[in-house]
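Please look over the model below before reading on. My notes concern strand pairing and a few backbone angles.

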Amino acid sequence: DLYFRFGTGAIANTEIKDFVRLKKGGWYQTIKNKIYGPLSPAIKTGKDSEKFIVFNDDDEVLDYKMAVCCNAIPGDLIFGFLTVVDGIKVHRLDCPNAIQLRSNYAYRVLKSKWIFKSEIDFVAAINIKGIDRLGLMNKVTQIISNQMNVNIKSINIKSDDGIFEGIITLKVHNVSFLKELTKKLEKVKAISSITRTYKHQ
């Protein structure tokens with residue numbers, strides 16, 4: 001009926017445009033806001049738009065969807081629930097369905113939290129070579145841990161005839177941060193080369 005009326009000219013093109021405009025910002029949006037609530041400013045703008053969710057104690061980055069039953073926003077206490085069809089759904093801790101999900105399906109519940117994108121750590125490894133000398137590794141770890149505040153995941157160093165080579169696996173924020181760390185280590189005279197490797201320990 002709509003297509004017929006539009007085709008015969010009973011409904012003008014301008015009327016359709018007016019309807020769409022009203023739907024986006026007029027009475028339709030007012031009613032929608034009363035039912036569902038207005039879109040949170042935290043989602044639209046500000047620092048909270050830079051937050052996303054990580055899972056489990058290792059802060060894993062996994063695909064997820066927001067559960068529509070509670071509409072969690074950045075800052076809410078949350079948990080992830082592994083569904084059969086839709087993968088991970090994120091609920092607020094005070095979601096009406098939380099008690100049932102957490103008590104009946106505890107094995108499908110994932111520890112979750114909001115985190116700023118700049119705070120997430122990624123695993124990277126560097127291959128380091130040089131002349132072995134007393135206190136060298138202590139100096140290297142001082143630069144990594146104390147000066148750059150980087151967590152060392154593992155160190156595997158081998159020394160032979162005064163020459164050392166090893167792989168240091170780190171948790172860093174991003175590639176730029178790793179480059180900055182590499183530049184600091186290159187200033188140590190005993191180190192001859194530092195390259196990124198993908199042999200994580």
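The numbered points below take up one strand and its partners, then residues with positive phi.

1. This is a predicted model. Please read each point with that in mind.

2. Start with β4, residues 88-92. Of its 5 residues, 4 are buried, so the strand is largely enclosed by the rest of the structure.

3. Strand β4 pairs with β2 in the parallel sense, over 2 bridges. Look at Lys65 to see this pairing: its bridge partner in β4 is Lys89.

4. Strand β3 also joins β4, here through 5 bridges, and the two run antiparallel. Phe79 is a good place to check, as it stands opposite His91 of β4.

5. What links β3 and β4? The two strands form a hairpin, with 5 residues between them. Gly87 sits in that turn and has a positive phi of about 70 degrees.

6. Now the residues other than glycine. Most such residues have a negative phi. Asn71 has a positive phi, about 45 degrees, and is not a glycine. Asn71 lies in the loop between β2 (65-66) and β3 (78-82). Its relative accessible area is 48%, so Asn71 counts as partly exposed, the class between 20% and 50%.

7. Asp161 is another residue to inspect. Its phi is positive, near 55 degrees, and Asp161 is not a glycine. The residue is found in the loop between β7 (151-160) and β8 (163-172). Is Asp161 buried or exposed? Its relative accessibility is 76%, so Asp161 counts as exposed, the cut-off being over 50%.

Key
Residues are numbered from 1 along each chain as its sequence is written. This is a predicted model: local features need pLDDT of at least 70, side-chain atom pairs count only at pLDDT 80 or more; totals for chains, interfaces and linings use all residues. Side-chain values use heavy atoms; hydrogens and water are left out. Buried means under 20% relative accessible area, exposed over 50%, partly exposed in between (1.4 Å probe, protein chains only). Two strands pair if DSSP finds at least two bridges between them.
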